[in-house]
Amino acid sequence: MAGTKYVPMCGPSYHFADKKAAIQSAINCYPQRLDGDNMMMQSIPGEVQIAALSGAVRGSRNCSGRWFVVAGTTLYEISADGSYTTRGTIAGAAFAGLANNANQVAIVTGANLYVFNLTTNALVQVTVAGWLGSDDVVELDGYFIFVRPDTQQFYISAIDDGTKLNALDFSSADTSPDNIVTQRVSHRQLWLFGTQSTEIWIDSGAAAFPFVRYQSYTLDVG
């Protein structure tokens, strides 16, 4: 339209050291002048309080539409309207890792393992001999996967049941002499990150132990 002045505030991307000036998303942003006619989209926090929980948040997971949060020593289930239900007690103050299969939520805090049943809403602490501790937990093909702290060893639960652990269901990321720091699942691959190397494992379906190293491939970076 003739006579219309266009303000060049949303143009090509910038590679500024200032991440706010180089931001690519215009959600919760407002225009701010940089210099001359140049403008940028200044971001704002955009945070909103959903629920007032007791204690610091230690871990959180959305399990197929059901949102579970460990805050303080309490496991909460939070609804979309901010209301919540107390689901049990999670001891300690350390980070809480959460993962879920079709019927359960596994919660680990380093020394402790808890399993919440999504059908019965019952929370139990698992104290079987096969539990060796873990700082985080992931799930792949129904198995909960744990890492024994300060070792190269990882181990798994029974398929679809985090309350059952066999002391023989373990293996080691031992192509390099470093301990596993954490584990992640991506595209049905188990990534085991060590201090100096990374290994990728997949579910082979073997009866004795289902996971094998993927094509013996190892990344020389941890």
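In what order do the four strands of the open sheet that contains E3 stand, and is their pairing parallel or antiparallel? The order is E3-E4-E5-E6, and the pairing is antiparallel.

**Basis of the report**

The structure is a predicted model, in which local features need pLDDT of at least 70 and side-chain atom pairs count only at pLDDT 80 or more, while totals for chains, interfaces and linings use all residues. Residues are numbered from 1 along each chain as its sequence is written, and side-chain values use heavy atoms, with hydrogens and water left out.

**Overall composition**

The protein has 18 strands and zero helices; these elements are DSSP runs numbered from the N terminus, with at least four residues for a helix (H or I) and at least two for a strand (E). Of its 222 residues, 38% count as buried. Buried means under 20% relative accessible area, exposed means over 50%, and partly exposed lies in between (1.4 Å probe, protein chains only). The accessible surface of the protein is about 12,600 Å², and carbon and sulfur atoms hold 52% of that surface; the areas come from the Shrake-Rupley method with a 1.4 Å probe, and for residues only the protein chains shown count as cover. Among contacts with a separation of 6 or more, 38% are between residues 24 or more positions apart, where contact means heavy atoms within 4.5 Å.

**The E1-E2 hairpin and the E3-E6 sheet**

Strand pairing requires that DSSP find at least two bridges between two strands. Strand E1 (residues 29-35) and strand E2 (residues 38-43) pair in the antiparallel sense over six bridges, and Pro31 has Met41 in E2 as its bridge partner. Two residues separate E1 and E2 in this hairpin, and Gly36 in the turn has a positive phi of about 55 degrees.

In the sheet E3-E4-E5-E6, strand E3 (57-63) and strand E6 (84-89) are at the edges with a single partner strand each, so one side of each is left without a neighbour in the sheet. The twist averages 20 degrees from one strand to the next; such angles run from 0 to 180 degrees between N-to-C directions, with axes as lines fitted to C-alpha atoms. Strand E4 (residues 66-71) and strand E5 (residues 74-78) run antiparallel and are joined by five bridges. Val70 stands opposite Leu75 in E5.

**The E11-E14 sheet and the nonpolar core**

Another open sheet of four strands has the order E11-E12-E13-E14, again with antiparallel pairing. Its edge strands are E11 and strand E14 (170-172), each of which pairs on one side only. Here the twist averages 30 degrees from one strand to the next. E13 and E14 run antiparallel and are joined by three bridges, and Phe154 has Ser171 in E14 as its bridge partner.

The largest nonpolar core has 14 residues, and those with the most contacts inside it are Ile145, Phe154, Leu190, Leu192 and Phe211. Such a core is a set of buried Ala, Val, Leu, Ile, Met, Phe, Trp, Tyr and Cys residues joined through side-chain atoms within 4.5 Å. Strands E11 (137-140), E12 (143-147), E13 (153-156) and E16 (189-194) each supply at least two residues of this core; the largest share, three residues, comes from E12. Beyond its neighbours within four places in sequence, Leu192 is in contact with residues including Phe154, Ala173, Ile180 and Trp201.

Ser157 is found in the loop between E13 and E14. At 1% relative accessibility, Ser157 counts as buried. Residues up to four places away in sequence aside, Ser157 touches Tyr143, Phe144, Phe146, Gly162, Lys164 and Leu165.

**Aromatic pairs**

The structure holds ten aromatic pairs. Rings of Phe, Tyr and Trp (its six-membered ring) pair if their centres lie within 6.5 Å; planes under 30 degrees apart count as stacked, over 60 as edge-to-face and the rest as tilted. Two of the pairs are tabulated.

| Pair | Distance of centres | Angle of planes | Class |
|---|---|---|---|
| Tyr76 and Tyr84 | 5.1 Å | 85 degrees | edge-to-face |
| Phe154 and Trp201 | 5.0 Å | 75 degrees | edge-to-face |

The Phe154 and Trp201 pair links distant parts of the chain, with Phe154 in strand E13 and Trp201 in strand E17 (residues 198-203), 47 residues apart. Phe154 and Trp201 are both buried. By contrast, Tyr76 counts as buried at 5% relative accessibility, whereas Tyr84 counts as partly exposed at 40% relative accessibility. One aromatic cluster is formed by Tyr143, Phe154, Trp201, Phe209 and Phe211.
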